[in-house]
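Ready for a few warm-up exercises? Have a look at the chain below, try each task yourself, and then walk through the solution.

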Amino acid sequence: MRDAKFEAYQALVDAFIDDARQVSPIQFYNNGGTGVTLKRSGQEMVGPCPVVGGTDGFAIHRTKWLWNSRRGGIGGKTAIGLAAFCLGVDVTTRQGLLAACAAVNGRPAPTLDDVKAETPEQKQQRLDAMAARRAKAEAERQAEEAAQEAEREKQRRAAVRIVEEATPCSDLSVRQKRVLLVVGDYLSHRIGGNNIPNLKFNCFFGNPDLCFWHDGKVIYRGPAMVLPFLNRSGTIGCHITWIDLNNAPKFRPLLLDGKGVVLPTKKIRGQHAGGILPVVGVSTQARWVVGEGIENTFAVAYAEEFRDDTFYAAAGTLGNMAGPADPDCSFKHPVDTFVGRDGIARACSVPGCIPLAGSDDRAMPVPSHVESLVLLADADSERVFTASAMARAKRRFETPNRKVTIVWPQKGFGDFSDWMKSGAVTQNQELIGGAHDE
């Protein structure tokens, strides 16, 4: 009788866990599970982390089953994982798993006292109900995937339209000269006011009056630099930088929302994961130099006198440069901690240096003909996270026929464009040669 009762109890627990698995991270947030208020930003809800705090280091995707805490160094695809993060519990233990599922379901986990005698008919009804829930969840998942794909295609088309409506900076006609001058002056300012040959802007596009949308309305119009994210099939997204040549040191406009919060004046439209931003040169070259940001890559290209044997490009984000990490290789940050809701300080988790198997389409593409790949690191980002991501990128792209080198700016400088602006390096000096490899 005890075995039968325990079997029935385990069935209740399985159904309880199964119910929690059907809840998406955004549904958990909408039910008040995170205890924080997030604000819509594109396809994400962004705001303070429920564990670490801050202002914008936490995000939940509105349609995909994804959440991420940049400061906490952790993310996932389930509401159960998100609840466990908020509660500070370990889902590899039964107690932690049931606590997280209870938070997701909004009711306590079943106990042995909840078990009632079950007839064969009642057992079959319970199993049928569980199968129906799973079938419904699968149908909803398929519908969600279809909606996500439709949204991705909508965003991709919007990005393509932005690129098509922009003016190629290779167009030197008088009518288009203003675009070239604004983009050229912006890049010149970002690398210390150096003169740049017009022919080195062939990969750039510009729009003299591009709209900046926020909360469903246009709050600014002005000149912008536009570059397409490309993969093997063509344009999948675009990177936009609004320009204000009167607003040093970044030379981008200062835009505020209704609460006085500074808005980012660099944006990505469409998809960027799996794409790359051409900066100077052609991708058929055997030597590639790739940085996270456009300006840093351009600074190195200038210092190297725009080598004819090199393709200079930008990944757009560190995540796109390195790609996803195998979750089993994450490690604890040696210094940074966060305090959970239980008041206990824990070390932040850092994604490790081993790439996630089968995730090459979620990192920038590097074709097989590339024999030398130089990766430019940013020293003004969190050092441990950045170093681990750079090591992961090296491991991802290095092959017997390809050498991958990671270089950092000279110590004392945040990035390569800052180094160039300082006047400590000039053209004809090999910037990479003066950097340090780690």
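## Salt bridges and their surroundings

Aspartate 257 and lysine 39 form a salt bridge, with their closest N and O atoms 3.4 Å apart. Keep in mind that this is a predicted model.

**Exercise 1.** Work out which parts of the chain the pair of aspartate 257 and lysine 39 ties together.

Solution:
- Start with the places: aspartate 257 lies in the loop between strand S9 (234-242) and strand S10 (266-270), while lysine 39 is in strand S1 (residues 39-41), so the salt bridge ties together parts that are 218 residues apart in sequence.
- Now check aspartate 257: its relative accessible area is 13%, so it is buried, because buried means under 20%.
- Lysine 39 comes out at 37% relative accessibility, so this one counts as partly exposed.

**Exercise 2.** Find out whether histidine 214 is buried or exposed, and what it touches.

Solution:
- First locate it: histidine 214 is part of strand S7 (residues 205-214).
- Next, take its relative accessibility of 16%, which means that histidine 214 counts as buried.
- Finally, leave out residues up to four places away in sequence, and histidine 214 touches Lys39, Ile219, Asp257 and Leu263. Two names here, Lys39 and Asp257, are the salt-bridge partners you've already met.

**Exercise 3.** Place the salt bridge between arginine 107 and aspartate 19 in the chain.

Solution:
- The two side chains meet at 2.8 Å, N to O.
- That pair links distant parts of the chain, 88 residues apart: arginine 107 sits in the loop between H4 and helix H5 (120-165), and aspartate 19 in helix H1 (residues 2-21).
- Arginine 107 has a relative accessible area of 39%, so call it partly exposed.
- Aspartate 19, at 18% relative accessibility, counts as buried.

**Exercise 4.** Explain how arginine 156 and glutamate 153 are placed in helix H5.

Solution:
- Begin with the contact: the side chains of arginine 156 and glutamate 153 meet in a salt bridge, 2.9 Å from N to O.
- Both are in helix H5 and 3 residues apart, so about one helical turn separates them.
- Arginine 156 is partly exposed, with a relative accessible area of 28%, and glutamate 153 counts as partly exposed at 26% relative accessibility.
- Then widen the view: salt bridges that share partners join Glu153, Arg156 and Arg157 into one network.

**Exercise 5.** How many salt bridges does the count come to?

Solution:
- Applying the rule of a Lys or Arg side-chain nitrogen within 4 Å of an Asp or Glu carboxyl oxygen, the count comes to 11 salt bridges.

Terms used:
Residues are numbered from 1 along each chain as its sequence is written. This is a predicted model: local features need pLDDT of at least 70, side-chain atom pairs count only at pLDDT 80 or more; totals for chains, interfaces and linings use all residues. Side-chain values use heavy atoms; hydrogens and water are left out. Helices (H or I, at least four residues) and strands (E, at least two) are DSSP runs, numbered from the N terminus. Buried means under 20% relative accessible area, exposed over 50%, partly exposed in between (1.4 Å probe, protein chains only). Contact means heavy atoms within 4.5 Å.
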